[in-house]
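Colleague: Please give me a close look at a single part of this model. Start at the shared framework and work outward, and explain each term as you go.

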2 protein chains.
Amino acid sequence: MDELLDILKKNQLSVTAGRKKILELFLNSPGALAHADIEKNTDAAFDRVTVYRTLQTFVDKGIIHHIPTTDNSILYALCRDNCEQGHHHDNHVHFICDNCGKTICLEDVTVPEVKLPNGFTPSHAEMVVKGICGDCR
Amino acid sequence: MDELLDILKKNQLSVTAGRKKILELFLNSPGALAHADIEKNTDAAFDRVTVYRTLQTFVDKGIIHHIPTTDNSILYALCRDNCEQGHHHDNHVHFICDNCGKTICLEDVTVPEVKLPNGFTPSHAEMVVKGICGDCR
DNA sequence: CTATATTTGCAATAAGGTTGCAAGTATTAA
DNA sequence: TTAATACTTGCAACCTTATTGCAAATATAG
């Protein structure tokens, strides 16, 4: 069966044109996508609201996750690790290229542990590295 | 001389009531502040626009820095390291409490280095840890 | 104290995101 | 295959957050 349908079915989501198309974009993207990227790549075939709601649904189901940024943009990327509904395991480093602006998931680079001050209990850590990516070198 | 005035003068900024008040808030805050926090703590004595412009000026001068978040909020915190105009050295870890929601600068916890894939050149790294802070334990 | 440069506040505008609701589509069960 | 049900979509309106131009007000330098 198609990976696309598989993912949607596994998460008990009805299969609709919008969800298929948006999920496909994520499966074919090496990096992160912003809402604007999705609108652009779908030729605005779907309403803004639908895109927002689809993204939110995917986050809720653990299919995609938010990526932290220093500006106020919201980026999403596929959860390639074992994410479940309401429980994300997104512990790889994200890379943002200073030149092309792309955000790339470094699947093989794990977020290192850090020693916190007394009294602090960690539950989750995110790491974003900026610099020049392989393509722009 | 007052630390406040000292910082403003050093950065060649005119000393105004708004800048003094906003900078004071940062000096007295252990963590990060959002635009909304500042409006609240100044009783809206200053126009929203003034607050935005003051924050931008402080960022430009290297007095405060943006903090990465996973949602789309913008947070600012004092640069306690040696930041200069146009050149921030904000390499400590930030902690966001799952309980009280506060963002705290862990001045003493340095962002660790990570080994990147071939072709990637890092320029800057950010790290955000979530969990329970000392006060909420 | 005056002249100049900078900063502020207002109004208008833009960008980004959300909500209610009716119409449309997917799914389920017969 | 079809009908009933549940879910999803698109529209319109709205809200929050952020930005810009400009005139009035304030700070600084001389």
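Modeller: What follows goes from the sheet, through one loop and one helix, to the DNA.

This is a predicted model, where local features need pLDDT of at least 70, side-chain atom pairs count only at pLDDT 80 or more, and totals for chains, interfaces and linings use all residues. Residues are numbered from 1 along each chain as its sequence is written, chains are lettered from A and ligands numbered from 1 in the order written, and side-chain values use heavy atoms, without hydrogens and water.

Begin with the sheet. Six strands form an open sheet with mixed pairing: in order, β5(A)-β4(A)-β6(A)-β6(B)-β4(B)-β5(B). Two edge strands, β5 (103-110) of chain A and β5 of chain B, each pair on one side only. On average, neighbouring strands of this sheet are turned by 30° against each other, direction ignored. Some terms first. Strands are DSSP runs of E with at least two residues, helices are runs of H or I with at least four, and both are numbered from the N terminus. Two strands pair if DSSP finds at least two bridges between them. Axes are lines fitted to C-alpha atoms, for helices over the stretch in contact, and angles run from 0 to 180 degrees between N-to-C directions. As a general rule, strands of a sheet pair through backbone hydrogen bonds, either parallel or antiparallel.

Now walk across the sheet. Strand β4 (residues 92-97) of chain A is joined to β5(A) by 5 bridges, and the two run antiparallel. Here Val93(A) stands opposite Leu106(A). Next, 4 bridges link β4(A) to β6 (residues 121-132) of chain A, running parallel. In that pairing, Phe95(A) has Val129(A) as its bridge partner. Then the sheet crosses from one chain to the other: 11 bridges join β6(A) to β6(B), and these strands run antiparallel. One facing pair there is Ile132(A) and Thr121(B).

A loop also links the chains. Pro117(B) sits between β5 (103-110) and β6 (121-132) of chain B, in the loop. Leaving out neighbours within four places in sequence, Pro117(B) contacts Leu106(A) and Val109(A). Contact means heavy atoms within 4.5 Å. So the loop residue Pro117(B) meets Leu106 of chain A. What about Leu106 of its own chain? Pro117(B) and Leu106(B) are 11 residues apart in sequence, yet 28 Å apart in space, C-alpha to C-alpha. Pro117(B) is partly exposed, at 33% relative accessible area. Buried means under 20%, exposed over 50%, and partly exposed in between, with a 1.4 Å probe and protein chains only.

Turn to a helix. His35(A) belongs to α3 (residues 35-41) of chain A. At 12% relative accessibility, His35(A) counts as buried. Residues up to four places away aside, it touches Arg48(A), Val51(A), Tyr52(A), Leu55(A) and Ile74(A). Two of these residues, Arg48(A) and Tyr52(A), reappear beside the DNA.

DNA strand C comes next. It is surrounded by 15 residues, the closest being Arg48(A), Thr16(B), Arg19(B), Thr50(B) and Arg53(B). A residue is near a strand if one of its heavy atoms lies within 4 Å of it. These residues divide into 6 nonpolar, 4 polar and 5 charged. Ala, Val, Leu, Ile, Met, Phe, Trp, Tyr, Cys and Pro count as nonpolar, Asp, Glu, Lys and Arg as charged, and the others, Gly among them, as polar. Helices α4 (48-61) of chains A and B each supply at least two residues. The largest share, 4 residues, comes from α4(A).

Single atoms add detail. The side chain of Tyr52(A) has an N or O atom 2.8 Å from a phosphate oxygen of DNA strand C. Thr50(B) brings a polar side-chain atom to 2.4 Å from a phosphate oxygen. Arg53(B) has one 2.6 Å from a base oxygen. A polar contact is a pair of N or O atoms within 3.5 Å; within protein, one must be able to donate a hydrogen and the other to accept it, and residues adjacent in sequence count only if both atoms are side-chain atoms.

Last, DNA strand D. Of the 17 residues around it, Arg19(A), Thr50(A), Arg53(A), Arg48(B) and Tyr52(B) come nearest. Thr50(A) has a side-chain N or O atom 2.5 Å from a phosphate oxygen of strand D, and Arg48(B) has one 2.5 Å from a base nitrogen. The largest share of this surface, 4 residues, comes from α4(B).
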